[in-house]
Amino acid sequence: VESGNSTLALAVFSAVLGSLQYGYSLGVINAPQKVIEQHYGRSLGVLPEEPLLLSENGTGTEKQEVHPSVVMYWSLSVSIFSIGGVVSSFLVGFIGDLRGRVKGMLMVNVLAVVAGLLMVMAKMWKPHVMVIAGRCVMGFYCGLSSGLVPMYIGEIAPMAYRGALGTLHQLAIVTGILLSQVLGLEFLLGNDYYWPLLLGLSGAPAVLQSLLLPLCPESPRYLYIKRGMVEEAKKSLRHLKGEYDPSADLEEMRREKEEVEKEAQVSIAILVRSSLYRQQLFVALMMHLSQQLSGINAIFYYSTAIFERAGVTQPVYATIGVGVINTAFTMVSVALVDRAGRRTLTLIGLGGMCICAVAMTVGLVYLSVYSWMSYVSMLAIFLFVCFFEIGPGPIPWFIVAELFSQGPRPAAIALAGCTNWTSNFIIGMTFPYIEALCGSYVFTLFAVLLFGFTVFTYLRVPETKGKTFEEIAAVFKKGRKQTPGTKKTGTETGTGTSTELEQLKSDSHA
């Protein structure tokens with residue numbers, strides 16, 4: 001079993017390098033904002049050519065208004081990343097099935113390397129064009145990897161660790177964000193000379209991943225269920241689990257294959273129109289919306305600016321503090337998610353974030369009256385991030401897989417991914433304008449949204465921990481008329497436990 005465990009560990013580690021890259025690309029744009037804006041300004045001819053020396057001691061440039069065209073190109077640099085993600089999130093199922101999960105992840109690495117090279121060479125031509133092109137290609141890569149990574153990990157994860165290993169995708173994302181924040185410090189890479197390297201490094205994990213992936217076994221579920229390669233699936237299972245008798249696992253996959261053949265593959269168009277899956281789909285999309293519209297990305301994209309407003313003298317270090325807390329609390333979620341349950345953690349997270357958003361607003365509004373209010377808004381930001389990582393951060397990524405059976409699952413994951421990326425884009429693009437409009441009250445907007453999402457979760461989101469797919473489906477059927485031919489299972493203990501195991505395992509096909 002030891003050898004099996006080490007192969008499983010290697011496979012999971014290699015896969016989450018893709019998520020690390022996603023996190024790095026999300027966070028990297030935050031710290032060097034001022035430096036890059038100056039390069040944009042010079043390239044666009046709206047700033048003088050010589051580097052502004054005044055910026056060193058914080059007088060002069062800080063107070064200057066940023067030219068509107070620079071603001072536009074900057075917002076686009078931040079948000080074009082999500083446009084790439086929106087487009088490619090629809091291709092996840094296609095790429096994953098084309099040559100398998102492992103080869104799929106290998107194929108898309110080409111995109112990450114190209115994106116990294118475009119950004120490294122940003123100074124050689126028009127920086128705004130090079131950065132926007134690089135971020136767009138990188139977004140396209142991240143849209144694919146943010147679907148392929150959870151899909152592969154889900155398929156190779158032993159049932160008992162499904163939630164924990166599913167949460168590792170999010171842990172790698174926040175580690176990437178933290179890494180980008182540390183490297184973005186001015187004395188490291190976040191300066192006038194090295195910022196293209198800082199952005200370009202987002203392609204580095206792809207190189208390491210390309211070396212490791214060929215050593216990883218292909219997903220046994222893909223081999224057996226999609227390709228019907230029984231012997232290869234057996235080999236893959238032995239790689240992942242060590243020497244053992246795989247017949248029980250193979251039998252379970254055989255039953256799942258039969259189910260798949262009975263249940264038609266549901267396309268995105270059918271899924272959207274069908275009343276059969278409407279409630280599950282509504283819950284899945286709302287979970288992803290709650291993740292993005294909670295305001296968390298406003299904090300990740302613009303935290304340095306927010307801390308400056310809150311009167312912090314070294315805002316960059318405060319931002320790194322957020323990254324550290326972020327990573328620590330994702331580890332808490334990894335430990336809790338299979339014990340406390342998905343719904344409970346999501347409710348605690350959303351409710352806590354709502355309170356923090358109110359506190360943050362109070363802190364920013366009364367900052368000019370009481371200087372100690374800066375501590376209130378900082379504490380609120382830190383707690384906001386903690387609550388996010390306990391539930392609303394990691395859970396939407398894998399709960400979609402638990403809400404849908406085999407047929408509609410790929411389409412549901414694509415739609416949920418698209419919703420996630422689209423709302424991410426909208427926040428990235430509009431937050432600077434909303435902030436300019438609402439000033440200190442900007443987080444009241446998020447507080448209202450969070451309150452709505454908390455109520456929705458309480459009323460409509462079922463607990464999926466330890467439930468069979470039939471039990472989850474039954475929760476949604478209560479609201480509808482019982483369709484003929486559906487039978488309730490899982491209530492009789494004899495058949496219940498065996499189908500439960502089989503159903504829970506089949507979830508990992510996501």
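**Disulfides, salt bridges and a helix crossing**

In this predicted model, the count of disulfides comes to zero.

Reader: What makes the count of disulfides zero?
Author: A disulfide requires a pair of cysteine sulfur atoms within 2.5 Å, and by this rule the count comes to zero.

Reader: Why is C142 called buried, and why is C136 called partly exposed?
Author: The relative accessible area of C142 is 0%, and since buried means under 20%, C142 is therefore buried. C136 has a relative accessibility of 28%, which lies between the 20% and 50% limits, so C136 counts as partly exposed.

Reader: How do you know that K241 forms a salt bridge with D249?
Author: The closest N and O atoms of K241 and D249 are 2.8 Å apart, and because the rule asks for a side-chain nitrogen of Lys or Arg within 4 Å of a carboxyl oxygen of Asp or Glu, the pair K241 and D249 forms a salt bridge. As for exposure, D249 at 6% is buried, whereas K241 at 29% counts as partly exposed. A search of the whole structure finds 13 salt bridges.

Reader: Which residues of helix α12 pair with R254, and what makes these pairs salt bridges?
Author: The side chain of R254 meets that of E251 at 2.8 Å, N to O, and R254 also pairs with E258, with the closest N and O atoms 2.5 Å apart; because the cut-off is 4 Å, each pair is a salt bridge. R254 and E251 are three residues apart in helix α12 (residues 247-262), so about one helical turn separates them, and E258 and R254, being four residues apart in α12, are likewise separated by about one helical turn.

Reader: Why are R254, E251 and E258 called partly exposed?
Author: The relative accessible area is 32% for R254, 30% for E251 and 40% for E258, and because partly exposed covers the range between 20% and 50%, R254, E251 and E258 are described as partly exposed.

Reader: How do you know that α17 and α19 meet, and how do their axes cross?
Author: Contact means heavy atoms within 4.5 Å, and by that criterion R342, L345 and T346 in α17 meet I395, F398, I399 and E402 in α19. By class, this contact has four nonpolar, one polar and two charged residues. The axes of α17 (residues 342-365) and α19 (residues 395-403) come within 12 Å and cross at roughly 145°, and the crossing is left-handed.

Methods. Residues numbered from 1 in each chain as written. Predicted model: local features only at pLDDT ≥ 70, side-chain atom pairs only at ≥ 80, totals over all residues. Heavy atoms only, no water. Axes fitted to C-alpha atoms, helices over the stretch in contact; angles between N-to-C directions. Helix = DSSP H or I, 4+ residues; strand = E, 2+ residues; numbered from the N terminus. Left-handed = near helix turned anticlockwise from the far one by under 90°. Nonpolar A, V, L, I, M, F, W, Y, C, P; charged D, E, K, R; others polar. Buried < 20%, exposed > 50% of the residue type's maximum accessible area, 1.4 Å probe, protein only.
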